[in-house]
Amino acid sequence: MSDPERPIVLYHYPYSPFARRVVWYLHLRGIPYAQCIQPPILPRPDLTRLGIKYRRIPVLSIGRDVYLDTRLIIQKLEGIHPSLPKLGAEGPEQRAIERLLEALTIDAGIFTRASQLLPADLPLLRDPKFQADRADFRGVRLSREAAAALRPEALNEIGNAMELLETTLLADGRDWILGTEGPSLADIEAVWPFHWLVGLPGALPPDQVSAERFPRVYAWVARFQGAITAAKAKQPRPRDVSGEEAQRMIVEAPYHEPGCGVDETEPVVGFHGLRKGSAVAVWPTDTGSSHKDTGRLVGLNSKEIVLETGTGTETETRGQGVRLHAPRHGFRMRPSPNAASSL
């Protein structure tokens with residue numbers, strides 16, 4: 001069922017809510033993978049050795065292609081192992097709901113609001129190293145007072161989001177968002193910030209957000225956790241690999257994709273005078289934007305940017321690079337003079 005020539009390696013740390021999206025997807029579809037566990041803060045030398053500067057988690061490789069951002073990662077996973085039932089919606093209305101739920105949780109700020117409800121007394125949040133790392137990640141350092149002031153607004157937004165689900169998609173008592181027999185991708189897109197908060201003691205004050213107020217949402221979260229537990233029980237535990245082993249597995253594998261080419265009709269190509277092989281930099285536009293990946297542009301279309309890393313003079317990445325894939329949405333690409341000097 002798995003492709004030993006193009007192994008899947010997931011770089012993550014277990015309590016990352018974004019990483020859980022991908023872990024859940026892999027288990028619900030029964031896709032085997034290896035995992036390279038990362039520290040919650042920088043540095044992450046396991047990714048640096050692949051020539052990757054991107055600082056967000058998770059990162060996933062399929063063969064020698066490496067994918068950034070959970071939205072692109074899940075899209076790529078939907079396209080592999082056709083013998084396994086997919087989780088994505090089939091009909092146009094269901095696909096629209098799936099995409100809108102993705103936008104609601106990520107782009108419309110539900111996750112951001114959820115993160116503002118983390119209990120201030122969590123040991124990790126009180127660690128000066130973690131605080132400095134997240135200040136670099138967000139581009140701003142929040143004092144404890146400023147963070148506390150965000151909680152009331154965040155609580156209101158999370159309550160409103162739960163109410164939306166309670167009174168619309170879950171209002172008829174269905175088990176799953178799209179009325180499917182089991183959890184679908186739409187459930188993953190909607191459940192993850194609520195699953196995260198419900199499992200964090202002290203995050204949600206019971207007098208304002210509770211199972212009594214939102215019984216359908218809480219039952220759905222519990223049902224989803226039960227489905228994940230059952231799916232994990234049916235599969236072997238993912239193999240843990242070191243950074244060195246993960247690097248070897250990836251760079252010795254063939255590419256998963258043949259390459260999409262550079263669409264010369266894309267406005268960004270003409271505006272910057274780009275072509276295949278141009279030196280470019282790519283980075284996310286919201287968080288972690290100070291960490292830019294550079295390399296040769298080998299693919300670009302309306303949905304995706306593909307660059308080849310490891311083309312510089314650093315001995316640790318020469319000949320050890322990968323094809324790095326980033327979505328167009330939420331990422332920016334520009335010519336990179338610094339990278340050009342090393343091509």
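**Exercise 1. The nonpolar cores**

Find which residues have the most contacts inside the largest nonpolar core, and which helix gives the largest share of this core.

Solution. Start with the term. A nonpolar core is a set of buried Ala, Val, Leu, Ile, Met, Phe, Trp, Tyr and Cys residues joined through side-chain atoms within 4.5 Å. Buried means under 20% relative accessible area, exposed over 50%, and partly exposed in between, with a 1.4 Å probe and protein chains only. The model is predicted: local features need pLDDT of at least 70, side-chain atom pairs count only at pLDDT 80 or more, and totals for chains, interfaces and linings use all residues. Residues are numbered from 1 along each chain as its sequence is written, and side-chain values use heavy atoms, with hydrogens and water left out.

Now the count. The largest nonpolar core has 57 residues. Those with the most contacts inside it are Leu-60, Leu-77, Ile-158, Met-162, Phe-194, Leu-204 and Trp-220. Helix 8 supplies the largest share of this core, 9 residues. Helices (H or I, at least four residues) and strands (E, at least two) are DSSP runs, numbered from the N terminus. Another core, of 34 residues, lies apart from it; among them are Ala-34, Leu-47, Ile-57 and Val-262.

Next, take Leu-60. Contact means heavy atoms within 4.5 Å. Leaving aside neighbours within four places in sequence, Leu-60 is in contact with Ile-8, Val-9, Leu-10, Val-22, Leu-26, Asp-65, Val-66, Tyr-67, Ile-73 and Leu-77.

**Exercise 2. The two sides of helix 4**

Check the length of helix 4 (residues 92-107). Then state which of its residues are buried and which are exposed.

Solution. First, the length. The expected span of a helix is 1.5 Å times one less than its number of residues. For the 16 residues of helix 4 this gives 22 Å; the end C-alpha atoms are 21 Å apart, which agrees.

Second, the buried side. Glu-98, Leu-101, Glu-102, Thr-105 and Ile-106 are the buried residues of helix 4. They cover an arc of only 110° around the axis, so they lie on the same side of helix 4. The arc is that of the directions from the helix axis to the C-beta atoms. An α-helix has 3.6 residues a turn, so residues three or four places apart point the same way.

Third, the partners. The buried residues pack against helix 1 (17-29), helix 3 (70-78), helix 5 (110-115), helix 7 (144-167) and helix 8 (185-198).

Fourth, the other side. There Pro-92, Glu-93, Arg-99 and Leu-100 are exposed. Leu-104, also in helix 4, counts as partly exposed at 28% relative accessibility. Not counting residues up to four places away in sequence, Leu-104 touches Gly-109, Ile-110 and Leu-164. Gly-109 comes just after helix 4 and takes a positive phi of about 95°.

**Exercise 3. Rings and charges**

Classify the ring pair of Trp-24 and Phe-224. Then locate the charged ends of Arg-223 and Arg-323.

Solution. Rings of Phe, Tyr and Trp (its six-membered ring) pair if their centres lie within 6.5 Å; planes under 30 degrees apart count as stacked, over 60 as edge-to-face and the rest as tilted. The structure holds 7 aromatic pairs. In one of them, the centres of Trp-24 and Phe-224 are 4.8 Å apart and the planes stand at 70°, so the pair is edge-to-face. Trp-24 is in helix 1 and Phe-224 in helix 9 (residues 215-233), 200 residues apart. Both Trp-24 and Phe-224 are buried. Elsewhere, ring pairs link Phe-18, Phe-111, Trp-192 and Trp-196 into a cluster.

Now the charges. A charge sits over a ring if NZ of Lys or CZ of Arg is within 6 Å of the ring centre and within 35 degrees of the ring normal. The charged end of Arg-223 sits over the ring of Trp-176, 5.7 Å from its centre. The charged end of Arg-323 sits over the ring of Tyr-255, 3.8 Å from its centre.

**Exercise 4. Backbone details**

Place the cis peptide bond of Leu-42 and Pro-43 and that from Ile-57 to Pro-58. Then place Asp-69 and His-81.

Solution. The bond joining Leu-42 and Pro-43 has omega of about 5°. Pro-43 lies in the loop between strand 2 (34-37) and helix 2 (45-48). The bond from Ile-57 to Pro-58 has omega near 10°. Pro-58 lies in the loop between helix 2 and strand 3 (59-62).

Asp-69 is not a glycine, yet has a positive phi of about 75°. Its loop runs between strand 4 (65-68) and helix 3. At 5% relative accessibility, Asp-69 is buried. His-81, not a glycine either, has a positive phi of about 50°. His-81 is in the loop between helix 3 and helix 4, and is buried at 13%.
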